[in-house]
Amino acid sequence: MATTRRMQRSYRGSMEAIAMKILFFVPQLCSGGAQQVAILLSSALIKMGHEVHLTAATLDGELLSRVNPACRCTGLGAKKPIQAQKGLATLINSTRPDVLICFGIYTGIAASLSRRTWKHNPVFIIRNENNLSMDWQQGTFINRILGPILSRWSAKNAHIIAVSHELENATKHYLKISSDSITTILNPVIDDARLSNPVGASIHPWLIDKKKPTFIAMGRLEHQKGFDILIDAFAKLQSTRDARLLIFGQGSLRDDLQNRIDQYQLGDKIDLAGHTDHPIEQMKNAHAFVLSSRFEGFGLVLVEALWAGIRVISTNCKYGPAEILENGRYGTLIPVDNAEALTQAMLASFEYEQRPLPSNTWFGQFTATESARQHIVLIESLIAHQKLKVAN
């Protein structure tokens with residue numbers, strides 16, 4: 001964090017930067033926090049006059065339609081980032097970007113392995129979006145062994161961005177890097193287009209009729225997000241309070257979660273609602289938002305929920321929620337993997353009005369414009385350092 005502050009003080013006035021060519025590398029364009037950040041950040045950088053090129057192992061995904069038309073998009077013809085090394089090298093050699101920004105450690109590892117065939121040497125940045133220790137534990141046996149090794153090897157050749165202050169310290173120690181090799185830049189969550197209600201936003205029917213209070217959750221349907229615990233907690237809630245639960249998102253555990261819902265015979269009370277292009281508009285019409293994650297790197301949906309102005313309940317997982325909610329000031333924090341505590345927090349939400357919301361100044365730190373400015377500050381510094389290193 002000290003490095004970030006030094007850079008921000010040194011470059012705070014540098015808003016009129018020289019136009020740069022920036023290459024984003026994302027895994028794919030399916031729903032996910034890193035992908036949403038890439039889309040918001042690319043638009044803000046384009047508005048600042050920079051050229052942004054977005055590449056992915058595959059361009060398949062529901063978020064492709066949200067990419068700024070001025071952003072050039074290239075698919076690398078691979079199923080996974082690790083299989084896209086040759087395509088990435090070809091793209092870098094042909095486009096010659098000033099900087100490559102990898103979204104997530106998986107793309108960072110693929111880019112690091114690809115570097116041996118680069119004929120051009122852009123500034124290399126890896127954005128760490130997650131709790132790496134927990135993330136690699138979810139993988140196969142081989143990934144649990146090789147993942148940490150490759151992560152640390154990749155970090156030696158790149159500058160790392162952590163997406164929350166809590167995550168910075170954990171990432172630094174996990175990757176075994178110095179403070180000068182990592183910078184915190186909070187995730188962008190809000191841009192001008194999302195500050196107002198989109199025309200034709202499709203709201204779930206349960207959020208329109210208002211017959212029963214509806215809890216809402218959003219995220220990939222994966223183990224990390226803890227939706228199994230949320231369903232268990234909501235089932236316990238039903239013995240006391242008649243309510244409904246919407247879970248927006250897609251993922252590999254959809255069938256498992258639906259089976260869990262069916263076992264509780266709650267098909268008319270819990271809906272796996274799929275992807276939504278209008279998360280904030282859905283939230284505005286809900287009783288409360290619930291984040292049941294086992295681990296996070298940031299938790300951008302919490303900022304969206306606060307912007308929507310509804311009650312917020314979140315696990316106190318590592319890393320991000322406590323930082324965003326300011327240790328309970330803006331929402332209720334509960335232990336991870338504790339269905340009983342989550343049930344009680346959901347019940348308690350009926351007894352209190354919405355807590356005081358953050359100020360507009362507070363939300364300002366999560367705008368795409370502010371994030372883009374800080375990225376340019378960092379890139380300028382890294383380019384200057386790289387030139388000085390070459391000169392010496």
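**Legends to close-up views of a predicted model**

**Figure 1. Overall view of the chain.** With 392 residues, a compact globule would have a radius of gyration near 21 Å, and the chain agrees with this at 21 Å. The model shown is predicted. Its C-alpha atoms fill a box of roughly 70 × 45 × 40 Å along the principal axes. The chain contains 16 helices and 13 strands. Of the 392 residues, 56% are buried. When contacts between residues at least 6 apart in sequence are considered, 72% of them join residues at least 24 apart.

**Figure 2. Surface and charge of the chain.** About 17000 Å² of the chain is exposed, and carbon and sulfur atoms supply 51% of that area. The side chains include 42 positive and 34 negative ones. The centres of these two sets lie 7 Å apart.

**Figure 3. The cis peptide bond from Lys318 to Tyr319.** Most peptide bonds are trans. The bond from Lys318 to Tyr319 is cis, and its omega is near 10°. Tyr319 belongs to the loop that runs between β12 (311-315) and α13 (321-324).

**Figure 4. Lys176, a residue with positive phi.** Most residues other than glycine have a negative phi. Lys176 is not glycine, yet its phi is positive, near 60°. The residue is found in the loop between α7 (165-175) and β7 (182-184). Its relative accessible area is 65%, so Lys176 counts as exposed, the cut-off being over 50%.

**Figure 5. Glu326, also with positive phi.** The phi of Glu326 is near 50°, again a positive value in a residue other than glycine. Glu326 sits in the loop between α13 and β13 (332-334). Its relative accessibility is 29%, and Glu326 therefore counts as partly exposed, a class that lies between the cut-offs of 20% and 50%.

**Figure 6. His120 and its polar contact with Arg96.** His120 is located in the loop between α4 (105-114) and β5 (123-128). The residue counts as buried because its relative accessibility, 16%, is under 20%. A polar contact of 3.5 Å links the side chain of His120 to the side chain of Arg96. Apart from residues up to four places away in sequence, His120 touches Ile92, Asn93, Arg96 and Pro97. Arg96 thus appears both in this list and as the polar partner.

**Figure 7. Ala110 in helix α4.** Ala110 is part of helix α4. Its relative accessibility is 0%, and the residue counts as buried. Ala110 and Pro81 are separated by 29 residues in sequence, while their C-alpha atoms are 5.8 Å apart in space. Pro81 is also one of the residues in contact with Ala110 when neighbours within four places in sequence are left aside. The others in that set are Phe25, Ile82 and Gln85.

**Figure 8. His159 and its polar contact with Thr183.** His159 is in strand β6 (residues 159-162). The residue is buried, with a relative accessible area of 7%. The side chain of His159 makes a polar contact with that of Thr183, at 2.7 Å. Leaving out residues up to four places away in sequence, His159 touches Phe124, Ile125 and Ile126, along with Asp180, Ser181, Ile182 and Thr183. Leu378 and Leu382 are also among the residues that His159 touches.

Terms used:
Residues numbered from 1 in each chain as written. Predicted model: local features only at pLDDT ≥ 70, side-chain atom pairs only at ≥ 80, totals over all residues. Heavy atoms only, no water. Helix = DSSP H or I, 4+ residues; strand = E, 2+ residues; numbered from the N terminus. Rg over C-alpha atoms; globule rule 2.2 N^0.38 Å. Buried < 20%, exposed > 50% of the residue type's maximum accessible area, 1.4 Å probe, protein only. Contact = heavy atoms within 4.5 Å. Areas by Shrake-Rupley, 256 points an atom, 1.4 Å probe, with all protein chains shown as cover. Lys, Arg positive; Asp, Glu negative; His and termini not counted. Charge placed at Lys NZ, Arg CZ, Asp CG, Glu CD. Polar contact = N/O pair within 3.5 Å; in protein donor to acceptor, adjacent residues only side chain to side chain.
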